[in-house]
Amino acid sequence: MKVERCILCSAKPPPPLTKEDIWPTWYSKMRPGATFQFEGTLAGRGHMSWPAKKLNLAPHVLCGECNNVWGSDLEDRQVKPFLSRMVDGNAHSLVLREMQALAAWLTLKLMVTETMGKDRPWFFTQDQREHLRRKTRAPQDAAIWIGDYGGARRRSGRFSDHRSHLALPENLTQAHPALFCEFTIGQVLLQFFMIQGMAERFASGVVLPPSLLERGNWSTALDQIWPLPSRPIGWPPKDAIGDKAFEALGERWNQDEPE
């Protein structure tokens, strides 16, 4: 889908819009001479995989102000100092401000990624994009987990993007648009889940029903970072997530019984 306005602030600057890297350039620079493997599944485009000298997937979607001022502050000043250590598996205690910044950073990457979809409407609303830009906070409707990716692509990056409609137990006749994504950078794995229209439910502290959302026991492999927990969390968790588990992560949101 051709992007003519900044996806965050709706400004229509003189062309072209600036590039926003889905994986930051500093990550490639940490591995000089390495051959990376893009690995991703994007709703509307299917599975993609190709080698590259650097992780340079970067669509033109942001104005200069949103990219070079706000975005650079988020990525370089707030996220890079701790994430650049974690990508190689170094243990880290995530404090609340770091979890908030990481949740906002992931949301930005997913907002950028979905612009690459072919002939499909965007999931995030403009209000949610502008809220991210204004508050540097992930959507109130969203939940985000962090894990330790131990699969074959742990020196590169992977993503998987799923769309669905989910019904809540109290009203099985009404299905809400849902997005769930997995994103890795090195050994850091992040999972994003969101049902549109659930902001009040999340804000009130009511969690989504385990009977609806939890397929399998991920408690030793994933820690929730958004909405913010009450205290810092230690990373990595007890169990790492390999390639088979990575593929299974999306199934935890599947309302259909496995065959």
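Me: Which residues does Thr-107 touch, leaving out those up to four places away in sequence?

Reply: In this predicted model, Thr-107 touches Phe-124, Leu-132, Ala-138, Pro-139, Ile-144 and Phe-192, where a contact requires heavy atoms within 4.5 Å. Thr-107 itself belongs to helix α3, which covers residues 96–113.

Me: What makes Thr-107 buried?

Reply: The relative accessible area of Thr-107 is 0%, and a residue counts as buried when that value is under 20%, so Thr-107 is called buried.

Me: How do you know that α3 is largely enclosed by the rest of the structure?

Reply: Of the 18 residues of α3, 15 are buried, and the helix is therefore described as largely enclosed by the rest of the structure.

Me: What span should the 18 residues of α3 have, and how far apart are its end C-alpha atoms?

Reply: At 1.5 Å a residue, and counting one less than the number of residues, the expected span of α3 is 26 Å; the C-alpha atoms at its ends are 26 Å apart, so the two values agree.

Me: Which residues of the largest nonpolar core touch the most other members?

Reply: This core has 55 residues, and those touching the most other members are Leu-8, Leu-83, Ile-146, Ile-185 and Phe-192. Helix α3 supplies the largest share of the core, namely 11 residues. Leu-83 is in contact with Trp-26, Leu-102, Trp-105, Ile-185 and Val-188, once its neighbours within four places in sequence are left aside. Apart from this core lies another, of 15 residues, including Trp-145, Leu-166, Leu-189 and Leu-249.

Me: Why is strand β6 called mostly covered?

Reply: Strand β6 runs over residues 142–148, and seven of its seven residues are buried, each having a relative accessible area under 20%, so the strand is called mostly covered.

Me: Which residues point one way from β6, and which the other way?

Reply: Ala-142, Ile-144, Ile-146 and Asp-148 point one way, whereas Ala-143, Trp-145 and Gly-147 point the other way, and all of them are buried. In a regular strand the side chains alternate between the two faces of the sheet.

Me: How do you know that β6 is paired with β9 and with β10?

Reply: Two strands are taken to pair when at least two bridges are found between them. Seven bridges join β6 to β9 (residues 188–195), and four join β6 to β10 (residues 222–226), so both cases satisfy the cut-off, and in both the strands run antiparallel. As examples of individual bridges, Ala-143 has Phe-193 as its partner in β9, while Ile-144 has Trp-226 as its partner in β10.

Me: Why is Cys-9 in no disulfide?

Reply: The structure holds zero disulfides. For Cys-9, the nearest cysteine sulfur is that of Cys-63, 3.7 Å away, whereas a disulfide requires two cysteine sulfur atoms within 2.5 Å, so Cys-9 is not counted in one. Cys-66 is likewise in no disulfide, with the sulfur of Cys-63 as its nearest, 3.6 Å away.

Me: Are Cys-9 and Cys-66 buried or partly exposed?

Reply: Cys-9 has a relative accessible area of 32%, which lies between the limits of 20% and 50%, so Cys-9 is called partly exposed. Cys-66, at 1% relative accessibility, counts as buried because that value is under 20%.

Me: Which residues other than glycine have a positive phi?

Reply: Among them are Ser-10, with phi near 70°, and Thr-136, with phi near 55°. Most residues other than glycine have a negative phi, and most peptide bonds are trans. Ser-10 is found in the segment before β1 (18–19) and is partly exposed, with a relative accessible area of 27%. Thr-136 is placed in the loop between α4 (126–135) and β6, and its relative accessible area of 15% is under 20%, so Thr-136 is called buried.

Me: Where do Pro-227 and Pro-236 lie, and what are the omega values of the cis peptide bonds leading to them?

Reply: The bond from Trp-226 to Pro-227 is cis, with omega near -5°, and Pro-227 lies in the loop between β10 and β11 (233–235). The bond from Trp-235 to Pro-236 is also cis, with omega near 5°, and Pro-236 lies in the loop between β11 and α7 (243–249).

Note on methods. Residues are numbered from 1 along each chain as its sequence is written. This is a predicted model: local features need pLDDT of at least 70, side-chain atom pairs count only at pLDDT 80 or more; totals for chains, interfaces and linings use all residues. Side-chain values use heavy atoms; hydrogens and water are left out. Buried means under 20% relative accessible area, exposed over 50%, partly exposed in between (1.4 Å probe, protein chains only). Helices (H or I, at least four residues) and strands (E, at least two) are DSSP runs, numbered from the N terminus. A nonpolar core is a set of buried Ala, Val, Leu, Ile, Met, Phe, Trp, Tyr and Cys residues joined through side-chain atoms within 4.5 Å.
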